[in-house]
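Hello,

Here is the structure I promised to pass on to you. Please have a look at it first, and then read my notes below.

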Amino acid sequence: MSEIYDCIIIGAGPAGLAAALYSSRDRLRTLVLEKFMPGGQINNTDRIENYPGIERIDGPGLIAQMQKQAENFGAEIKNGSEVTSLQKQQDSKIAVSCGKDKFVCRVVILAPGSDYRALGVDGENKFRGSGVSYCGTCDAPFFKGKHVVAVGGGNTAVEETLHLTKFAAKVTMIHRRDEFRASRVLVEELLAKADEPNSNLVIKYSTIATAIEGDKKVESVKFKNLKNDSLEDYPCDGVFIFVGMVPNTDFLKDFVELTDKGFIKCDCGYLRTSVPGVFAAGDCRIGAAMQLATAAGDGVIAAMMMKQYFRDPNWWNEPVSELLQPGGW
């Protein structure tokens with residue numbers, strides 16, 4: 001506990017590692033605390049084709065490169081370090097506890113990420129990455145000419161399903177209710193797509209998935225109609241699940257302001273939270289785009305804003321404005 005870090009980053013996913021790169025490259029003493037192993041969700045991705053500048057790479061490969069970059073500039077990464085609590089001290093420093101271990105720093109960057117909300121049905125975990133996906137933007141191109149099932153009814157579900165129709169030969173969307181919860185304009189677009197002559201979009205209301213089946217990959221989904229309890233084995237090549245995200249922020253409930261769904265409240269310009277000296281980056285924050293590239297961008301912004309806070313702690317209370325000009329951070 002004698003060593004005081006300039007920056008402690010919680011989470012070694014794309015956001016956390018990008019922040020570590022920028023922080024350590026600025027010769028700031030940087031510690032990254034990771035609950036498990038670096039990478040988070042991205043480790044489950046076999047093919048990444050939408051990260052700018054890299055034509056194709058797998059998740060673990062990209063994370064290994066990001067980790068090496070940060071460590072080459074002096075960032076210290078501790079795996080298996082689950083943060084249990086944070087506490088603001090009287091001298092404005094922040095104490096970060098990992099069980100019996102305690103670390104002290106000047107700034108914290110929160111990047112614990114989030115997890116896709118699971119359906120919890122048989123076969124879901126078995127085929128995750130082998131036909132089960134939670135991101136249409138990421139994985140739709142891999143199902144070109146295939147038949148996929150989309151599950152959900154909110155804004156993200158509708159937007160992602162419409163995206164899937166640009167690639168898949170057929171998209172069957174199921175929703176447990178009789179009408180969608182998404183915004184009206186999105187629902188109108190979805191229904192218009194389904195009503196097109198020879199449309200590749202089919203919508204099944206009052207329907208849930210009870211199991212995902214197959215041998216080495218997804219081959220079918222078991223449907224249940226909630227109105228008449230009828231069951232159906234529905235052949236398909238993939239299942240896209242869009243039922244929400246769960247941020248990994250339970251340990252922050254008594255420290256920073258969170259939304260009702262657990263996302264960290266912060267301004268979307270400088271990523272400042274309700275606690276001075278604490279930034280949020282990546283999928284854990286409100287307004288996150290839930291994409292690899294934007295998570296990395298968040299980490300960069302948080303690390304750059306940290307320097308502004310070091311120069312002038314009173315800046316924390318300044319409104320998001322033209323106070324900082326591009327290139328002047």
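A quick definition before we start: a residue is called buried when its relative accessible area is under 20%, exposed when that value is over 50%, and partly exposed in between. Please also keep in mind that this is a predicted model.

**The parallel sheet**

A good place to begin is the open sheet of 5 strands, which are ordered 8-15-9-10-11 and pair in parallel. Its edges are strand 8 (132–133) and strand 11 (201–204); each has a single partner strand, so one side of each is left without a neighbour in the sheet. Further in, strand 9 (residues 147–151) and strand 15 (residues 238–241) run parallel and are joined by 4 bridges. If you want a spot to look at there, V149 stands opposite V239 of strand 15.

Two helices go with this sheet. Helix 4 (residues 155–164) packs on the sheet and touches strand 9, strand 10 (170–174), strand 11 and strand 15. The direction of helix 4 makes about 165° with that of strand 10. Helix 5 (residues 184–195) lies across strand 10 and strand 11, and runs at about 115° to strand 11.

Which residues of helix 4 are buried? They are A157, V158, E160, T161, L162 and L164. Their cover includes helix 3 (136–139) and helix 5, together with strand 9, strand 10, strand 11 and strand 15.

One residue of strand 15 deserves a visit, namely F240. Is F240 buried or exposed? With a relative accessible area of 0%, F240 falls under the 20% limit and is therefore buried. Leaving aside residues up to four places away in sequence, F240 touches a list of others, among them S133, C135, G136, F143, V149 and L164. S133 is 107 residues away from F240 in sequence, yet their C-alpha atoms are 4.8 Å apart in space.

**The second largest pocket**

Helix 4 comes up again here: with 6 residues, helix 4 gives the most to the lining of the second largest pocket. The lining has 23 residues, and those nearest the pocket's centre are T156, A157, V243, G244 and M245. The space in this pocket comes to about 630 Å³.

**The antiparallel sheet**

Another open sheet has 3 strands, in the order 12-13-14, with antiparallel pairing. Strand 12 (207–214) and strand 14 are the edge strands, and each pairs on one side only. On average, neighbouring strands of this sheet are turned by 25° against each other, direction ignored.

How many bridges pair strand 12 with strand 13? There are 7, in the antiparallel sense, and T207 stands opposite N225 of strand 13. Strand 13 is joined to strand 14 by 5 bridges, again antiparallel, and here F223 stands opposite E232 of strand 14. Strand 13 and strand 14 form a hairpin with 5 residues between the strands, where D229 takes a positive phi near 65°.

**Salt bridges**

Side chains of opposite charge can pair when their charged atoms come close. The count here comes to 15 salt bridges, and I picked out a few to show you.

The first one I chose belongs to the hairpin: the side chains of K222 and D233 meet in a salt bridge, at 2.7 Å from N to O. K222 lies in strand 13 (residues 218–225) and D233 in strand 14 (residues 231–235), so the pair ties together parts that are 11 residues apart in sequence. K222 is partly exposed at 29% relative accessibility, and D233 is partly exposed as well, at 49%.

D298 and R285 also form a salt bridge, with their closest N and O atoms 2.6 Å apart. This pair links distant parts of the chain, 13 residues apart: D298 is in helix 6 (residues 292–311), while R285 is in the loop between strand 17 (278–280) and helix 6. By the definition at the top, D298 and R285 are both buried.

The side chains of D91 and K93 meet in a salt bridge too, at 3.8 Å from N to O. D91 has a relative accessible area of 45% and is partly exposed, and so is K93, at 23%.

Happy exploring, and best wishes!

How values were computed: Residues numbered from 1 in each chain as written. Predicted model: local features only at pLDDT ≥ 70, side-chain atom pairs only at ≥ 80, totals over all residues. Heavy atoms only, no water. Salt bridge = Lys/Arg side-chain N within 4 Å of Asp/Glu carboxyl O. Buried < 20%, exposed > 50% of the residue type's maximum accessible area, 1.4 Å probe, protein only. Pairing = 2+ DSSP bridges. Contact = heavy atoms within 4.5 Å. Axes fitted to C-alpha atoms, helices over the stretch in contact; angles between N-to-C directions. 1 Å grid on protein atoms, 1.4 Å probe; cavity = no way out; pocket = protein on both sides within 12 Å on 5 of 7 lines; lining within 4 Å. Points joined across faces, edges and corners; volume = space filled by probe spheres on them.
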